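Here is a short, informal walk through some local features of one chain. Take a look at the sequence and the fold, then read on.

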Amino acid sequence: MLDIKIVRQDPERVKQAVKNRCGNLDKEVDMLLEIDQKRREIISAVEVLKAEQNSVSKQIPQFKKEGKDVAPIFAEMKAISEKIKADDAELSELEAKQRDLLLMIPNIPSDTTPIGADDSCNPEIRRNGTPKDFGFEPKAHWDIGADLGILDPETAAKVTGTRFHFYKGLGARLERAIISYFLDTHTEHGYTEILPPFMANRASMTATGQLPKFEEDAFKLSNGEYFLIPTAEVPVTNMHRDEILDGADLPIKYCAYSACFRAEAGSAGRDTRG
């Protein structure tokens, strides 16, 4: 999430950055600045009221000692207190709106990032090796899996739906072996293996950028603010959310396996065979 100071200091840069990413959030940026201005005005006004409240409160004992009527002062203090309460409520509402808008605005791309409509505009920096020439038309993985009897999407479609697989026999063993191979390889190089929960709360999903942008792609549980994770990155990254890490402890290296749950709501018709 962008720091509000960045938006405040150079809103046109933020607007152009969104356009460079093939989007347009000009209205949202302007609205964000309006909310930010109103929020700061309220904060300033509340600070003045609280200062007045503290000042008068200190004088009340002296007024009582002098026999002065403090009823009007109490009435004034009550009015100030109610005003502060109302301003605090409005401030909370504005801060919630500000946070929602900030979560909509993407990061500013690097100046070295090429601007284009698709990956055809990406420059090739370097190339390692050459593509393998099979000398024949290679089969798709789902055809190879069906021929070997190790993948069974038809049965999975009956049991669950399209875009799912049953791994069978050597296919299941291969999947298990690959998971073990990569976890073993990483732990041998100093990584700590993690088996994370397959559900995360809204705060965790938001902290890793899954929400609000990709909420339609997420599987949300109906009985609470829990989501099935789209990748192990979400729970593993959030292990240190809201913590300040000691630089002497870095780098902290984790590796993890998890099932990944994504509806891919915006990808209808793409890669429907897995």
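Leaving aside its neighbours within four places in sequence, which residues is Thr-192 in contact with? They are Lys-253, Tyr-254 and Cys-255. Bear in mind while reading that this is a predicted model.

## Around Thr-192

Thr-192 sits in strand 1, which covers residues 192-194. The three contacts just named, Lys-253, Tyr-254 and Cys-255, leave out anything up to four places away along the chain. For a sense of how the chain comes back on itself here, take Thr-192 and Ala-256: they are 64 residues apart in sequence, yet their C-alpha atoms are 8.4 Å apart in space.

Is Thr-192 buried or exposed, or something in between? Its relative accessible area is 42%, so Thr-192 counts as partly exposed, because that class runs between the 20% and 50% cut-offs.

## Ser-258 and Gln-210

Further along, in the segment after strand 5, there's Ser-258. With a relative accessible area of 9%, Ser-258 is buried, since anything under 20% falls in that class. What does the side chain of Ser-258 reach? It gets to the backbone nitrogen of Ala-232, at 3.2 Å. Ala-232 also turns up among the residues that Ser-258 touches, together with Pro-196, Phe-198, Ile-229 and Thr-231, if we skip residues up to four places away in sequence.

Gln-210 is another buried residue, at 16% relative accessibility. You'll find Gln-210 in the loop between helix 8 and strand 3. Skipping residues up to four places away in sequence again, Gln-210 touches Met-205, Glu-215, Pro-230 and Val-234.

## Two cis prolines

The loop between helix 8 (202-207) and strand 3 (219-220) has something else to show, as Pro-212 is in there too. The peptide bond running from Leu-211 to Pro-212 is cis, and its omega is near 5 degrees.

Where is Pro-251? Look in the loop between helix 9 (233-237) and strand 5 (254-256). Here a cis peptide bond links Leu-250 to Pro-251, with omega at about 0 degrees.

## Positive phi without glycine

Asp-242 is also in the loop between helix 9 and strand 5. Its phi is near 65 degrees, a positive value in a residue other than glycine. Asp-242 has 74% relative accessibility, so it counts as exposed.

Arg-163 is worth a look for its backbone as well: phi is near 70 degrees, again positive and again in a residue other than glycine. Arg-163 belongs to the loop between helix 6 (153-159) and helix 7 (170-188). At 36% relative accessibility, Arg-163 is classed as partly exposed.

## Salt bridges

Side chains that carry opposite charges can pair when their charged atoms come close. How many salt bridges does the count come to? The tally is 15 salt bridges.

One of them pairs the side chains of Asp-36 and Arg-40, at 3.5 Å from N to O. Why are these two about one helical turn apart? Because they are 4 residues apart within helix 3 (residues 26-65), that is the separation between Asp-36 and Arg-40. The two ends of the pair sit in quite distinct settings: Asp-36 is buried at 1% relative accessibility, whereas Arg-40 is partly exposed, with a relative accessible area of 36%. This pair also has company, as salt bridges with shared partners tie Arg-8, Asp-36, Arg-39 and Arg-40 into one network.

Then there's Lys-19 with Asp-26, whose side chains meet in a salt bridge at 2.7 Å, N to O. Lys-19 is partly exposed, at 32% relative accessibility. Asp-26 is partly exposed too, with a relative accessible area of 22%.

Finally, the side chains of Lys-139 and Asp-147 form a salt bridge, 2.5 Å from N to O. Are the partners buried or exposed? Lys-139 is exposed, and Asp-147 is as well.

How values were computed:
Residues numbered from 1 in each chain as written. Predicted model: local features only at pLDDT ≥ 70, side-chain atom pairs only at ≥ 80, totals over all residues. Heavy atoms only, no water. Buried < 20%, exposed > 50% of the residue type's maximum accessible area, 1.4 Å probe, protein only. Salt bridge = Lys/Arg side-chain N within 4 Å of Asp/Glu carboxyl O. Polar contact = N/O pair within 3.5 Å; in protein donor to acceptor, adjacent residues only side chain to side chain. Contact = heavy atoms within 4.5 Å.
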